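Work through the exercises below with the coordinates open. Each task is followed by a stepwise solution.

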Amino acid sequence: MNAIEFNNVSKKFRKGERFNSLRDSIPNFFSNMIGKGHGRDELEKREFWAVNNVDFHIKKGEVVGIIGPNGAGKSTILKLLSGIIIPNKGTLAVNGRLSALIEVTAGFHPELTGRENIYLNGTILGMKKKEIDEKFEDIVDFSGIREFIDTPVKRYSSGMFSRLGFSVAAHVNPEVLLVDEVLAVGDIAFQSKCAEKMRELLDSGVTIILVSHNIALIRNLCQRVILLDKGQVLKGGIPGEVIPYYENLVHRQRKHEFQKKMTRQQMDRVKVDDEAVVEIKEVHIMDETRDEKESFSVGTHFIISVDFEAKEKIENPVFSLEVTRADGVVCCMSDTREDNFSIVQIDGQGTVEVDLGKLNLAPGIYGVNAAVWDEKMIHPFAIRHVDVFFVEAEASARPTNAVFLWPMGWTINKTSSQDER
Amino acid sequence: MLKKVFQYRDLLFMLTLRDIRIRYKQAAMGFIWALFMPIVAVCAGILIKYAMANVSGTTIDLLEVVSISVKVLPWTFFISSIRFSVQSLVGNSSLVTKIYFPNAVLPLASTLACLFDFAIAIIVLAVLLTVAQLGVSIYLLWLPVLIIFLFLFTAGLGLLLAAGNLFFRDIKYVVQTMLTFGIFFVPVFYSVDQFGKWSVFLLANPVGSILEAINSVVVLQQMPDMGWFGYAGASSVFMFLIGLRIFCEKEPLFAENI
């Protein structure tokens, strides 16, 4: 039997301010009565689908991650599942006792002591008083704030506050658990306790839906991942497939922003020399088939060519090229003088081409900075810093913080008789 | 609808306890707080009675003071319950929007917490009346039933207004105004007999007929008017059910409209 069934569910919300006083609503009410009624399925002005025709089924004991950019509808789905809001279209069913590790401190009252809040919050989360009596000691031990248990929680530090909240919520013993970005609570010691608790829950066969921006966590815990964007399911499947797809999606979006930013900066710079004698017309970023592309996969043969136009004759110009990561790290830079490639003179239009060999940059967004200099590289004739390309993350690739994916050949020479594997 | 609330009875209990604790925890007056409003109201009532007696050239007797005190307690229970209930959903918006539980427990807990204050005040008044050797009779057995009626009516109205205030925030102000001047429209300081045939309008308000019945069984030591008693009972149960029903019907819309 499925633990969770989500059948073509849609939920709409409204943007902007809305009426919530009688004074505004009474005239509105009458005008609505006169006007024709709206169907449940249609969008009125200012409305949008926060969740649009989402369909998934989760089997008992499965651990499923939901990822997606902000505003994708992740939290709305959790709210729909927990029953706080109801869908406009579609049906959903949850089989088994549901608990949510969401906003674990929402039920706390600052004036009450830790002890009183454990009972209050526990019952809010659906526990019986007797159940809490039984688990009380465990909860206090888990939270690690025994000495402050009879202090009003308003005197707690924010860490203690959320630790207590998590401790209560973690002891609910659900059959279906919804988790929304709460695992990053407390100090390192507490976090490892949380991780242990999560493991325990995983092993006990609880069905878990995990919403997080922490991709590493999703990768480690989930058997299946659902990628959402703008209320719709973009992709679902094993983490190794969905996560790289998501990373590419994010990078692609960021690439546009990056490009815009660079273009803006370029505009500011260009004003300096209007009467440029050399103009860089275009920079082409291409693969080995000379196909101009925006995104490349790792290992592609990579060529950059620079179209220029010299308005007068220039002797011994120097071309330079720089590849910069989005965060400003310069990944490589070189110029024709450095590489002892001499260009006697340029006049009119032409193209300079650089072959960079196999692309071994790590997935991410990169900018290309091309420039033409005078002989001594003191004065630039032209600088162009607007071209952007993007290296795709590959399915099942491990995440990396490195700049380069260097092909590395490992060998080992045993020097002692000690056992090494 | 009631089943769901019953399932969460432990939560209802905890929330009631929370409301009571918060009210008494930082209050310098402690339990005197429960008596404060009734005492002020009784003083106001005596003042008005005194003025009326002056005009008509009579004096006030003890029975009239007792009558005022007896009716003031349920009245203060009613108005403080409504006052807390109206705010109960909006004041706990983080719970309403973030955690699923039958939201009806919030206004119900507010009403129950006021019932606790009411109980304290009743005990104090009972002691006073016993000392004054007044008010003990077989007819007192009607009192619990009347208090149940009042509770049901108050809880039902509280549910309705709490839900209303969630959608329209100005309901709170309407309610506050009504509660401030309500005491003049309800037979607390006076008795409905003084209005002759117009008394029907005062008794049509279930709170009015309940207060009159309470006055009959406690102070006058006689059977309540069975017609009005039946009316009060029926309208209280009706109010509770309709309040709960509308509340539960609108409940799925709470989180996104709050």
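**Exercise 1. A three-stranded sheet**

In which sense do strand β12 of chain A and β15(A) pair, and over how many bridges?

Solution. Note the status first: this is a predicted model.

Step 1. Take β12, residues 301–315 of chain A. Strand β12 and β15(A) run in the antiparallel sense, and 11 bridges pair them.

Step 2. Pick one rung of that ladder. A:Ala310 has A:Gly348 in β15(A) as its bridge partner.

Step 3. Place the pair in its sheet. The order is β10-β12-β15 in chain A, 3 strands in an open sheet with antiparallel pairing. The edges are β10 (278–287) and β15 (345–358), each of which pairs on one side only.

Step 4. Add the geometry. Neighbouring strands here are turned by 15 degrees against each other on average, with direction ignored.

**Exercise 2. A glycine in an edge strand**

Find which residues A:Gly357 is in contact with, leaving aside neighbours within four places in sequence.

Solution. Step 1. Locate the residue: A:Gly357 sits in strand β15 of chain A.

Step 2. List the contacts, using a cut-off of 4.5 Å between heavy atoms. They are A:Thr300, A:His301 and A:Phe302.

Step 3. Check a C-alpha distance. A:Gly357 and A:Gly299 are 58 residues apart along the chain, yet their C-alpha atoms are separated by 8.8 Å.

**Exercise 3. A five-stranded sheet**

Give the strand order of the 5-strand open sheet in chain A, and explain why one side of β11 and of β14 has no neighbour.

Solution. Step 1. Write the order: β11-β17-β16-β13-β14, with mixed pairing.

Step 2. Read off the ends. β11 (295–297) and β14 (330–335) of chain A stand at the edges with a single partner strand each, so one side of each lacks a neighbour in the sheet.

Step 3. Get the twist. From one strand to the next it averages 25 degrees.

Step 4. Look inside the sheet. Strand β13 (318–325) and strand β16 (364–373) of chain A run antiparallel, joined by 8 bridges. In this region A:Arg325 stands opposite A:Tyr366 of β16(A).

**Exercise 4. The chain interface**

How much area do chain B and chain A bury between them, and which elements of chain B give two or more residues to its side?

Solution. Step 1. Count contacts: 29 residues of chain B touch 34 residues of chain A.

Step 2. State the area. The two chains bury about 2800 Å², with 62% of it on carbon and sulfur atoms. In chain B, the most area is lost by B:Met14, B:Lys98 and B:Glu256, together 20% of what that side buries.

Step 3. Count polar pairs. Between the chains, 5 residue pairs are in polar contact.

Step 4. Assign the elements. On the chain B side, α2 (9–25), α5 (93–98) and α11 (226–257) each give two or more residues. Helix α2(B) gives the most, with 9 residues.

Step 5. Sort by character. The chain B side divides into 16 nonpolar, 5 polar and 8 charged residues.

**Exercise 5. Salt bridges between chains**

How many salt bridges does the rule find across the interface of chain B and chain A?

Solution. Step 1. Recall the principle: side chains of opposite charge can pair when their charged atoms come close.

Step 2. Count. The interface holds 2 salt bridges, while the whole structure has 27 over all chains.

Step 3. Identify the pairs. A:Lys11 meets B:Glu256 at 2.6 Å, N to O. A:Glu116 meets B:Arg21 at 3.0 Å, N to O.

Step 4. Place the second pair. A:Glu116 lies in α3 (114–124) of chain A and B:Arg21 in α2 of chain B, so the pair joins two chains.

Definitions and conventions
Residues are numbered from 1 along each chain as its sequence is written. Chains are lettered from A and ligands numbered from 1 in the order in which they are written. This is a predicted model: local features need pLDDT of at least 70, side-chain atom pairs count only at pLDDT 80 or more; totals for chains, interfaces and linings use all residues. Side-chain values use heavy atoms; hydrogens and water are left out. Buried area is the accessible area (1.4 Å probe) that two parts lose on being put together, summed over both. A salt bridge is a side-chain nitrogen of Lys or Arg within 4 Å of a carboxyl oxygen of Asp or Glu. A polar contact is a pair of N or O atoms within 3.5 Å; within protein, one must be able to donate a hydrogen and the other to accept it, and residues adjacent in sequence count only if both atoms are side-chain atoms. Helices (H or I, at least four residues) and strands (E, at least two) are DSSP runs, numbered from the N terminus. Ala, Val, Leu, Ile, Met, Phe, Trp, Tyr, Cys and Pro count as nonpolar, Asp, Glu, Lys and Arg as charged, and the others, Gly among them, as polar. Two strands pair if DSSP finds at least two bridges between them. Axes are lines fitted to C-alpha atoms, for helices over the stretch in contact, and angles run from 0 to 180 degrees between N-to-C directions.
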